[in-house]
Amino acid sequence: MRYNITVHVPQTNEISYTLFAKGFNIDIPKLSEDESELLFRFYGETTVLLFYNFGKFKKAYAVTGWQNERDGEPVFLPGVDEKLCVLFSVRGKRALILEKIIKYLTSNYNNEVFQLPLTFWYKMGVLIDSHRTRKVYIENILQLSKNNGKEFFYSKQELEEEKKNAEKSA
């Protein structure tokens with residue numbers, strides 16, 4: 001069972017970076033009590049994209065909640081409380097390309113795209129690294145992910161039930 005992810009998006013200029021988080025939300029983002037950050041909560045079983053800007057330096061990460069040693073070493077990123085498993089990371093121009101891809105995917109598949117299997121995201125990282133980010137290639141790996149097993153879009157209720165069942169068995 002992967003742990004849910006809480007992202008703290010700073011709302012003040014006291015922090016040296018800006019952060020944008022995109023994923024399958026558990027609930028509506030909330031402003032912290034001191035109004036210094038927005039709190040986003042994401043399902044740990046889904047993929048979350050984190051876009052950082054450190055001045056002119058841009059970096060993006062595709063992450064999911066860390067589960068166990070099979071995920072490798074857990075990673076901690078600024079603004080995130082939990083341990084993470086990094087699926088891939090990109091910087092600079094490739095981070096902008098990832099933003100465009102996500103806009104395209106979410107316009108066609110809403111936020112359900114973040115429920116795609118992890119293999120889809122690994123392949124997406126390879127496509128971006130190899131400069132093969134045409135829509136045809138993206139649709140191709142999307143179709144491969146769809147055909148690779150059962151339907152991968154779950155409702156929030158199904159995700160919560162799956163998590164409860166996993167907690168009971170643990």
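## Starting from Leu49

Leu49 touches Phe20, Ala21, Lys22, Tyr61, Ala62, Leu98, Ile102, Phe114 and Trp121, leaving aside residues up to four places away in sequence. Touching, or contact, here means heavy atoms within 4.5 Å.

A quick word on what you're looking at: this is a predicted model, where local features need pLDDT of at least 70, side-chain atom pairs count only at pLDDT 80 or more, and totals for chains, interfaces and linings use all residues. Residues are numbered from 1 along each chain as its sequence is written, and side-chain values use heavy atoms, with hydrogens and water left out.

## Two cores

Leu49 also belongs to the largest nonpolar core, which has 29 residues; Leu49, Phe88, Leu98, Leu105, Phe120, Trp121 and Met124 touch the most other members. A nonpolar core is a set of buried Ala, Val, Leu, Ile, Met, Phe, Trp, Tyr and Cys residues joined through side-chain atoms within 4.5 Å, and buried means under 20% relative accessible area (1.4 Å probe, protein chains only).

Who supplies this core? E5, E6, E7, H1, H2 and helix H3 (135-147) each give at least two residues. H1 provides the largest share, six residues. Those labels are DSSP runs numbered from the N terminus: helices (H or I) have at least four residues and strands (E) at least two. Apart from this core lies another one of 16 residues, including Val9, Phe42, Val63 and Val80.

## The four-strand sheet

Strands of a sheet pair through backbone hydrogen bonds, either parallel or antiparallel. Here, two strands count as paired if DSSP finds at least two bridges between them. One open sheet has four strands in the order E2-E5-E6-E7, with antiparallel pairing. Strand E2 (18-22) and strand E7 (84-91) are at the edges with a single partner strand each, so one side of each has no neighbour in the sheet.

Further in, E5 (residues 48-54) and E6 (residues 57-65) pair over seven bridges. Phe54 has Phe57, in E6, as its bridge partner.

## Helices across the sheet

Helix H1 (residues 93-109) lies across E2, E5, E6 and E7, at about 115° to E7. Helix H2 (residues 118-129) lies across E5, E6 and E7, at about 20° to E7. These angles run from 0 to 180 degrees between N-to-C directions, using axes fitted to C-alpha atoms, for helices over the stretch in contact.

## The three-strand sheet

There's also an open sheet of three strands, ordered E1-E4-E3 and paired antiparallel. E1 and E4 (residues 37-42) pair over six bridges, and Ile5 stands opposite Phe42 in E4.

Definitions and conventions. Buried < 20%, exposed > 50% of the residue type's maximum accessible area, 1.4 Å probe, protein only.
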